[in-house]
Amino acid sequence: MSHRGQAKFYLAGKKLSRLNKGLGLRNILHVDMDAFFVSVEEVLDPSLKGKPVIVGGSPEGRGVVAAASYAVRRYGVHSAMPIAKAKRLCPHAIFLSGSHRRYSEYSVKVFEILKRYSPLVEPISLDEAFVDLTGCERLHGPVLVSAEKICNEIREVLGLNASIGIASNKLLAKIASAYCKPNGMLWIAPGMEQRFLAPLPIRRVPGIGPKGGAELQRMGVKSVGDLARLPLELLEEVYGKWGVSLYRKARGISDSPVISETEDPRSISRETTLETDSTDPLFLESALSYLTEKAAGQLRENKLFARTVTLKLRYSDFKTVTRSKTLEMPTAEDHMLFKTCAGLFRKLFTRQMQVRLIGIAFTSLTAHPYRQEELFDDKGGQCWDGLYQGIDRIRHKYGFKSILRGTSRYSA
Amino acid sequence: MEVRISRDVLLNGVHKVQGIVEPKGAMPILSHLHLSADKDTICIRATDLEIGTLGHYPANVAAPGAVTLNARKLFDIVRELPDEEIYLKKEENNWITLKCGKSKFRLPGLPPEDFPPLPEYSDKPLLEFDSKILKEMIRKTFFSVSPDETRQALNGLLLEAEGDSVSLVGTDGHRLAMISRPVKSNAAKGEVLSFLLPKKALSELLKLMEDEDATFGFSSQDNHLAFICGKQVIVSRKIDGKFPNYRQVIPSDNHLKAKADRDGLTHALKRVALLADEKSKMVRFEIKNGSLSLISDNTDLGTAHEEMSLEYEGEEVSIGLNAKYVLDILNVIEGDTVTLNLKDQNHSCLFTVTDDDQYKSIVMPMRL
């Protein structure tokens with residue numbers, strides 16, 4: 001009996017999803033809340049329902065739109081737009097300053113529901129998650145039924161709408177949920193992947209940004225179908241690793257697993273093996289600056305704040321050293337994180353040793369930053385918030401390297 | 001040098017200067033005290049080159065002269081001696097013999113002429129403080145001084161005097177405390193005095209002020225400040241740097257006033273702070289008509305919630321404050337009540353007390 005019990009456990013755990021992955025039988029959901037911040041506000045104050053609501057601070061301020069209700073989106077207002085512009089486009093909109101605390105409370109409730117359906121829930125942000133329902137059919141019924149149940153439960157318990165994409169991997173599930181938004185559900189049945197993807201514009205594929213998209217367009221590649229017609233050798237020759245990933249994405253192939261949130265705070269890290277080993281502190285610091293910008297951007301994208309910064313150096317003899325520093329306040333601001341990294345680097349890198357690899361890691365991540373305001377900083381922390389929101393907005397539109405810190409100049 | 005001195009007098013003199021001495025500095029002589037005897041007094045000096053102190057004590061001087069002795073060792077020995085007269089004699093090669101009762105010690109010293117001289121200071125006081133008032137002023141502002149050594153200008157208190165009023169201001173960039181009191185001023189009419197008093201000099205000053213009813217003169221010469229009380233002097237280098245413009249951060253339009261029982265608030269806050277985030281010590285203050293809720297949640301430690309009544313009428317306001325900053329204030333103020341003057345959750349919270357409009361403490365909120 002005990003043997004059977006063990007076998008069962010084995011099948012229900014990760015091994016099963018790996019097994020099914022080989023067979024292409026995974027059932028992955030991408031659950032994406034519709035206009036999350038605004039919807040939460042509507043639940044708290046039902047009189048807002050159907051009205052043009054904008055979350056993101058006072059219309060006199062210089063903040064940006066954090067979320068816009070669908071009623072406002074009709075006027076061309078979208079998230080990350082300056083509040084003042086939103087006010088011009090839709091003067092009668094209701095402006096709310098919003099509360100991160102309230103949204104995280106609701107987010108926790110959404111995740112509680114998702115976790116009832118599967119232990120494998122991977123949070124992407126407050127309002128977005130992957131759920132792996134592989135092997136849960138006997139428990140919850142067919143995947144479409146479970147997905148509908150999830151949708152209904154979120155609506156009934158919290159009064160919020162979610163859009164769900166269902167497919168055999170994360171890539172397709174995400175494309176599907178974006179396709180059926182708002183308040184929709186789309187299942188890409190096994191075998192239909194290519195037919196679904198082919199007519200989509202390439203920008204719909206996660207990982208193809210404005211820059212990559214433009215480059216592909218120049219080559220005459222407009223739809224995912226066009227991309228799928230390019231041979232692997234050509235893509236690899238032109239784009240290297242990215243080309244290989246494009247080849248796979250165009251075919252809807254992705255085998256990255258759904259990783260459930262662990263109790264320990266996650267970490268965000270970046271490292272790079274230098275093209276040639278270097279002892280030039282200026283160059284190394286520049287590499288560090290670039291990595292910091294990348295990782296800090298990722299922090300902000302996930303609405304997280306890091307308290308601990310770790311620097312990693314690998315010398316040409318493969319000896320690896322790390323140094324950490326814990327900050328007084330958690331932060332997601334490049335200048336604070338880079339100051340700390342650079343401080344660690346200057347302390348550690350005192351001998352002229354050839355550096356082969358340089359990396360940084362942010363740990364002790366928290367979604368509740370509790371940032372202490374400064375007395376003598378006239379504009380207050382909101383000023384920095386505005387700067388980084390602006391930078392992120394520019395990068396969202398024109399690509400990551402469209403705006404960089406001066407210190408990153410040798411590495412970009 | 002050859003002197004006889006009461007054990008208690010020597011112990012007191014040696015004890016007061018221990019804080020200045022650097023036991024493990026780069027210069028060995030700075031771990032020593034300089035003792036010089038002349039006429040009927042012995043003068044004890046200590047310095048770390050930033051600040052220095054000297055005190056004169058009555059002694060029976062048989063032969064004048066000077067010695068240096070390790071400050072810590074001397075203190076440890078004198079502390080253990082019986083309450084009898086101590087005999088000190090300089091031997092060859094800067095050795096010192098110390099006898100008391102049946103005890104006898106031989107101690108190595110360093111050449112007294114190598115001991116750095118105290119900077120020149122002025123003995124003409126610009127301001128004359130009543131020690132009780134000076135002590136109160138330091139106690140009520142000292143906690144807000146920044147411990148961050150890289151922010152030199154914030155590593156001390158700002159002293160400003162105009163007419164017969166003097167104020168001390170301390171800040172670490174997140175909070176600020178200021179107090180004004182009357183003072184006897186010898187400065188020219190209309191002259192505004194402004195000095196930065198280093199943290200270490202202030203804590204030494206507090207030790208000197210154990211004597212309740214004395215007058216402390218404050219003087220300034222070139223780069224040095226001095227506090228003089230009778231035969232005791234503390235000289236300190238001035239802090240370089242510019243103290244931030246504190247006047248502009250004192251709120252004038254914090255119209256939401258909530259008056260709470262000081263004791264009740266202290267205890268409630270201490271309890272709720274037990275579950276606050278270890279680093280930020282953030283506690284949420286939710287104030288509505290007649291009641292204050294202190295809340296700590298969203299941490300791995302659990303949640304804490306306490307409600308207490310307070311005098312308040314107005315719109316509901318919720319603000320996140322560092323519990324330690326608030327407790328530091330509650331700890332130094334007097335009176336049964338404390339008033340929180342607020343504007344909203346994004347602006348500073350001003351703490352005031354009823355009978356003293358010359359004391360203000362400001363805490364910046366935390367962003368929720």
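1. Start with the charged pair across the interface: B:Asp277 makes a salt bridge with A:Arg307, with the closest N and O atoms 3.3 Å apart. A salt bridge here is a side-chain nitrogen of Lys or Arg within 4 Å of a carboxyl oxygen of Asp or Glu. By that rule, the interface of chain B and chain A has 1 salt bridge.

2. Before going on, keep in mind that this is a predicted model, where local features need pLDDT of at least 70, side-chain atom pairs count only at pLDDT 80 or more, and totals for chains, interfaces and linings use all residues. Residues are numbered from 1 along each chain as its sequence is written, chains are lettered from A and ligands numbered from 1 in the order in which they are written, and side-chain values use heavy atoms, with hydrogens and water left out.

3. On the extent of the interface: 27 residues of chain B are in contact with 18 residues of chain A (contact means heavy atoms within 4.5 Å). About 2300 Å² is buried between the two chains, 53% of it from carbon and sulfur atoms; buried area is the accessible area (1.4 Å probe) that two parts lose on being put together, summed over both.

4. There is also a pair of strands across the chains. Strand β13 (residues 371-372) of chain A runs antiparallel to β27(B), joined by 2 bridges, and A:Arg371 sits opposite B:Arg367 in β27(B). Strands (E, at least two residues) and helices (H or I, at least four) are DSSP runs, numbered from the N terminus, and two strands pair if DSSP finds at least two bridges between them.

5. Now the sheet in chain B. It is open, with 8 antiparallel strands in the order β15-β11-β12-β13-β26-β25-β24-β19. Its edges are β15 (192-198) and β19 (256-261) of chain B, each paired on one side only. Neighbouring strands are turned by 20 degrees against each other on average, direction ignored.

6. At the β15(B) edge, 7 bridges join it to β11 (residues 156-162) of chain B, antiparallel, with B:Glu162 opposite B:Val192. Helix α4 (residues 199-208) of chain B lies across these two strands, at about 85 degrees to β15(B). Helix α5 (residues 262-273) of chain B packs on the sheet too, touching β19 and β24 (337-342) of chain B, and makes about 85 degrees with β19(B). Axes are lines fitted to C-alpha atoms, for helices over the stretch in contact, and angles run from 0 to 180 degrees between N-to-C directions.
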